[in-house]
Amino acid sequence: MPLIRRLPKRGFNNAAFHTHYAIVNLDDLNAFKAGAVVNEQLLRESKLVRGHFAGIKILGNGELKHGLTIEADKVSAGAREKIEKAGGTVIPRRREDRSAEQKFVDVAPEAARTKAAVETPKRSTKKPAAKAKSPKKKAARKA
């Protein structure tokens, strides 16, 4: 076996930052009554979505028999076309936890922001000059 395959793999891996969505196909949505509003809560109650996910993604596998109003984070192009063809609508899901994201947003009034921008000194983009070596240290090294 080559050496590269025997050595352990190290370094950055982006898997920890990947956003995981719960996948729901159009075939699964036929279980709901015509005109129902299908959202994450309804999908969890009907056991179509289990576990912890960042959102819901609707895929276009199968056919939708009747019109539904679907609230989801992501919808594939084929699924959107089939939902609208069946007489349904797609609504982008509103995230209830946006307040957690807004904690880090600066909420200072506009006047305070402009005042702070005026008072901050501009930084120089030049590199600092290299430090000159003293002749005493050179003489000490030669001796």
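**Exercise 1. The salt bridges**

Task: Count the salt bridges in this predicted model, then work out which residues form a network.

Solution. Start with the count: there are four salt bridges, where a salt bridge is a side-chain nitrogen of Lys or Arg within 4 Å of a carboxyl oxygen of Asp or Glu. A word on the ground rules: this is a predicted model, local features need pLDDT of at least 70, side-chain atom pairs count only at pLDDT 80 or more, and totals for chains, interfaces and linings use all residues. Residues are numbered from 1 along each chain as its sequence is written, and side-chain values use heavy atoms, with hydrogens and water left out.

Step 1. Take glutamate 40 and arginine 44: their closest N and O atoms are 3.1 Å apart. Both sit in helix H3 (residues 40-45), and because they are four residues apart, about one helical turn separates them. Helices (H or I, at least four residues) and strands (E, at least two) are DSSP runs, numbered from the N terminus. Arginine 44 has 30% relative accessibility, so it counts as partly exposed; the classes are buried under 20% relative accessible area, exposed over 50%, and partly exposed in between (1.4 Å probe, protein chains only).

Step 2. Glutamate 40 also forms a salt bridge with arginine 93, with the closest N and O atoms 2.4 Å apart. This pair links distant parts of the chain, 53 residues apart: arginine 93 is in the loop between strand E6 (89-92) and helix H5 (98-101), and glutamate 40 is in helix H3. Arginine 93 and glutamate 40 are both buried.

Step 3. Now follow arginine 93 to aspartate 73, where the closest N and O atoms are 3.6 Å apart. Aspartate 73 lies in the loop between strand E4 (69-72) and E5, and arginine 93 in the loop between E6 and H5, so the pair ties together parts that are 20 residues apart in sequence. At 25% relative accessibility, aspartate 73 counts as partly exposed.

Step 4. Put the pairs together: Glu40, Arg44, Asp73 and Arg93 are linked in a network of salt bridges.

**Exercise 2. The strands**

Task: Find the order of the open sheet of three strands, then see how E4 pairs and where its side chains point.

Solution. Step 1. The order of the open sheet is E1-E3-E5, with parallel pairing. Its edge strands, each pairing on one side only, are E1 (21-25) and E5 (74-75). Two strands pair if DSSP finds at least two bridges between them.

Step 2. Look at E1 and strand E3 (residues 55-59), which run parallel and are joined by five bridges. Tyrosine 21 has glycine 55 in E3 as its bridge partner.

Step 3. Turn to E4. Two bridges pair it in the parallel sense with strand E2 (residues 37-38), and valine 37 stands opposite threonine 69. E4 and E6 also run parallel, joined by four bridges, and alanine 72 has proline 92 in E6 as its bridge partner.

Step 4. Check the faces of E4: the side chains alternate, with Ile70 and Ala72 buried on one face, while Thr69 and Glu71 point to the other and are not buried.

**Exercise 3. A backbone angle**

Task: Find the sign of phi at lysine 47, and say where this residue lies.

Solution. Step 1. Lysine 47 has a positive phi of about 65°, although it is not a glycine. For context, most residues other than glycine have a negative phi.

Step 2. Lysine 47 lies in the loop between H3 and E3. Its relative accessibility is 54%, so lysine 47 counts as exposed.
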